[in-house]
Amino acid sequence: MVARLVIAAPSSGAGKTTVATGLMAAFAGRGLAVSPHKVGPDYIDPGYHALATGRPGRNLDAYMCGTGLVAPLFAHGSRGCDLAVVEGVMGLYDGAADQGELASTAQVSKLLKAPVVLVVDASSQSRSVAALVHGFASWDPEVRIGGVILNKVATDRHEHLLREALGESGVPVLGVLRRAPAVATPSRHLGLVPVAERQAAAVEAVAAQAEQVRAGCDLDALLALARSAPDLRTEAWDPNGPWAGTPGRTAEPSRRPVVAVAGGAAFTFSYAEHAELLTAAGAEVVTFDPLRDESLPEGTSGLVIGGGFPEMYGPELSANEPLRKAVAELARSGAPVAAECAGLLYLARSLDGTPMCGVLDADARMSERLTLGYRDAVAVSDSPLAAAGARMRGHEFHRTVIEPGAGAQAAWGLRQPERRVEGFVQDGVHASYVHTHWAGAPEAAARFVAHCGPGRGGESGT
């Protein structure tokens with residue numbers, strides 16, 4: 001099994017992303033094939049991981065996909081690699097609210113039998129760091145903390161005090177990083193700015209992170225720790241499972257239904273497994289950019305619009321009137337359209353007063369309130385994504401609201417944190433704020449493709 005490390009921290013803001021991305025890039029620079037992973041539902045960090053490694057950044061979410069799929073999905077993503085680096089989420093032991101350890105970095109580390117490297121923000125402590133590390137290392141005996149990387153260390157004297165204190169903890173110091181503005185990544189209302197919005201600057205930041213890690217970390221010791229992980233006996237997840245058996249799968253390539261997937265700077269949120277599942281179900285997946293492309297891909301008979309930041313590009317999206325009309329026409333034709341969060345806003349009548357596609361009789365706007373958390377959802381209405389009564393787990397993360405919050409036919413009934421219905425199902429459209437991970441419900445992709453019309457040049461094409 002591939003050598004592996006989990007990069008965790010006592011809390012958010014300690015520097016996990018900087019360290020994890022820097023390690024990925026530094027090891028890739030040594031010629032290793034590095035597989036990048038992220039615990040939880042985060043879409044943005046995997047973009048930086050992909051930039052560092054040249055491979056798709058993949059998520060490991062025990063809530064949305066189930067604990068039984070964490071190791072198989074990991075094996076799928078890391079197949080053929082020399083090393084896997086898994087960036088944690090929040091604090092090491094933080095997981096889904098009121099669910100114990102579920103979806104925590106600690107749980108994922110145990111499911112992967114992977115050693116943990118704890119990144120500690122040492123900027124305001126010296127000897128106390130030993131007590132903190134001791135507490136984290138002893139809290140759960142099944143979690144193996146194999147080393148510490150000290151971040152934001154001020155001076156040589158500060159480093160000496162930290163090392164002296166940790167010398168008694170039994171947990172080795174595997175790296176010391178000083179404050180370095182060049183490695184910083186700008187943030188805004190939903191976290192880091194995605195790679196797609198700052199390509200050149202992102203490349204420079206990842207290069208700086210790699211250099212900082214090379215200079216401050218013991219890469220040989222970290223690689224040895226990764227290689228000490230025991231065998232992980234699991235069968236790799238395969239998108240070509242029994243759920244993929246749809247009529248389109250065996251069709252000639254020229255007759256496979258074309259599923260257009262929104263991309264570009266405004267729609268950066270997607271899981272790699274979605275495209276893999278759609279392809280396995282028989283679709284030809286074609287990416288397009290709503291900021292630049294004035295028409296849908298030729299022969300489009302299904303449309304997927306995932307998450308992202310349309311609120312940052314409202315005027316530009318609105319100005320692309322030919323594409324807005326094409327999307328509306330496709331939706332009116334009854335073709336399957338799956339829209340999540342940003343896709344929901346794009347299908348609305350307006351976003352902050354700016355015209356959008358007008359598929360939904362609803363208006364969206366920015367809000368001061370952050371909506372965040374896992375969701376246990378039940379399909380309220382039959383749609384190309386799910387049959388009424390089907391249960392799926394998802395995640396909400398947005399600072400916008402849409403009015404009304406649900407259509408005459410709602411998409412989901414949510415069980416927590418409060419019971420409510422939300423989203424829209426009309427004709428072939430399924431639009432909702434809830435992000436889902438189709439690896440946890442692969443029949444959704446097969447159902448979606450089965451609802452698509454003829455392939456390129458068919459009657460449902462545009």
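**A sheet and its helices**

Helices α1 and α7 are roughly perpendicular to each other, because the angle between them falls within 65 to 115 degrees. That angle is about 85 degrees, and the two axes are 7 Å apart. Keep in mind that this is a predicted model.

Where are these helices? α1 covers residues 16–29, and α7 covers residues 199–216.

Now, which residues make the contact? On α1 they are Thr 18, Val 19, Thr 21, Gly 22, Leu 23, Ala 25 and Ala 26. On α7 they are Val 206, Gln 209, Ala 210, Gln 212, Val 213 and Arg 214. Sort the contact of α1 with α7 by class, and you get seven nonpolar, five polar and one charged residues.

Next, the sheet. It is open and has seven strands, with parallel pairing. What is the order of the strands? Read it as β3-β2-β4-β1-β5-β6-β7. Which strands stand at the edges? Those are β3, residues 58–60, and β7, residues 173–178. Each has a single partner strand, so one side of each is left without a neighbour in the sheet. From one strand to the next, the twist averages 25 degrees.

Let's zoom in on one pair. Strand β2, residues 34–39, runs parallel to strand β4, residues 83–87. How many bridges join β2 to β4? Five. As for His 37, its bridge partner in β4 is Val 86.

Last, a helix over the sheet. α5, residues 128–139, lies across two strands, β5 (116–121) and β6 (145–153). The helix α5 runs at about 150 degrees to β5.

Notes:
Residues numbered from 1 in each chain as written. Predicted model: local features only at pLDDT ≥ 70, side-chain atom pairs only at ≥ 80, totals over all residues. Heavy atoms only, no water. Axes fitted to C-alpha atoms, helices over the stretch in contact; angles between N-to-C directions. Helix = DSSP H or I, 4+ residues; strand = E, 2+ residues; numbered from the N terminus. Parallel < 35°, antiparallel > 145°, perpendicular 65-115°, else oblique. Contact = heavy atoms within 4.5 Å. Nonpolar A, V, L, I, M, F, W, Y, C, P; charged D, E, K, R; others polar. Pairing = 2+ DSSP bridges.
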